[in-house]
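Colleague: Could you take me closely through one part of this model, namely the salt bridges and the residues that form them? I would like a connected account rather than a list.

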Amino acid sequence: MNAEPQPVFHAPGSLEPSVHWPDFLVIGAGKAGTTALNHRLAAHPQLFMSPVKEPNFFALEGMEVPKRDDSPEQMRHYPWAVTGRQAYQALFSEAGPQQLRGEVSPMYLYSEVACEKIAAYAPGMKLIAVLRQPAERLYSRYLHLARENRAPQGGLEGAFERSSIWWRRDDLVTEGFYGRYLQRYFDRFPREHILVLFYEDLQRQPEKVLKQIAAFLEIAPHFPEVAVKEHNVSGVIRRRWLDRLIGQQSALKSALGKLAPALIERLRQSQRAQAWLHRMRKHNLERPALNAQLKQRITRELYGDDLGLLEALLGRSLQHWKS
């Protein structure tokens, strides 16, 4: 595998002041409801969310992000990433003078460079983390890759093999070391600039969580109701032949993209066509439950020490995640 390009890091003094840095970031975790949260935040009149979700700027600045391929070995495939500083700041250029600017990039949680860059470029930044029980998050990521025919071979049990792709890809096992990653942010930012939330609370009591966010950002606690459709529906593919026709990596879609790109664009813009496609893809997926014993083993053997660190950082018990 070719070595990954290294991100560019400017010294803080080399950047001229700009009004277009965001005011807050949702830094992760992946598979913890951040897409739905982004839609709710974007509906608030006092907030302006980046029109690109997951621009990943503070993690990938200056990098030439490789195009996606079908291999589970590919470490990064974020063709939508905004890696240039001017292009990134331009994302917030249409924000109103009274609006807070924000964006959602779960990569910032585990990135080796994002924390330092955020602290250097925008030291007053407010940060929101949404955490999910780590074994459940890992299983959800696995099902996401299974949906795209890119799941690691051998199933979830492969996560115990530390030389495997489960450990080489930073969005699989290692993304769940929340304590390790949050320690960086706690060391670099005032505690009052960091809000840690939990996925289960966002699922069960979304309005209560939104009020917490409103208090944290010092905005009105009233979020307009918005229809948030299901995003990132994942699972194991039922019928391979149907997936080849309408799936994420559809051969038919690829062929039409070359032969009739205008037709593909019209279908992409059609809400009715996209709703039908979403419904058919969902029906072609099944989501088997995570085996309880496997979940407990993953939690204990892979994440036990890190959960202890996280409990110390947050000053609260996470026994409900462990048991």
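Modeller: Lys 295 counts as partly exposed in this predicted model, because its relative accessibility is 23%. Its salt-bridge partner is Glu 136, and the closest N and O atoms of the two are 2.6 Å apart. Since Lys 295 belongs to helix H15 (residues 292-314) and Glu 136 to helix H6 (residues 134-147), the pair ties together parts that are 159 residues apart in sequence. Glu 136 is likewise partly exposed, at 28% relative accessibility, where the cut-off for calling a residue buried is under 20%.

Helix H6 also contributes Arg 141, which forms a salt bridge with Glu 175, here with the closest N and O atoms 3.9 Å apart; that value is to be read against the limit of within 4 Å that defines such a contact. Because Arg 141 sits in helix H6 while Glu 175 sits in the loop between helix H7 (165-168) and helix H8 (178-188), this pair ties together parts that are 34 residues apart in sequence. In contrast to the partly exposed Lys 295 and Glu 136, Arg 141 is buried, with a relative accessible area of 14%, and Glu 175 is buried as well, at 1% relative accessibility. The contact between Arg 141 and Glu 175 does not stand alone, for both residues belong to a network of salt bridges that also links Arg 137, Arg 169 and Asp 171.

A further pair lies elsewhere in the chain: the side chains of Lys 53 and Glu 54 meet in a salt bridge with an N to O distance of 2.7 Å, and both of these residues are buried. Glu 54 is placed in the loop between strand S2 (47-49) and helix H2 (57-60), and its backbone deserves a separate remark, since its phi is near 65°, a positive value in a residue other than glycine. Most residues other than glycine have a negative phi. In that loop between S2 and H2 one also finds Asn 56, which has a positive phi of about 60° although it is not a glycine, and which is buried with a relative accessible area of 0%.

To set these pairs in context, a search of the whole structure finds 15 salt bridges, among them the contacts of Lys 295 with Glu 136, of Arg 141 with Glu 175 and of Lys 53 with Glu 54.

Technical notes
Residues numbered from 1 in each chain as written. Predicted model: local features only at pLDDT ≥ 70, side-chain atom pairs only at ≥ 80, totals over all residues. Heavy atoms only, no water. Buried < 20%, exposed > 50% of the residue type's maximum accessible area, 1.4 Å probe, protein only. Helix = DSSP H or I, 4+ residues; strand = E, 2+ residues; numbered from the N terminus.
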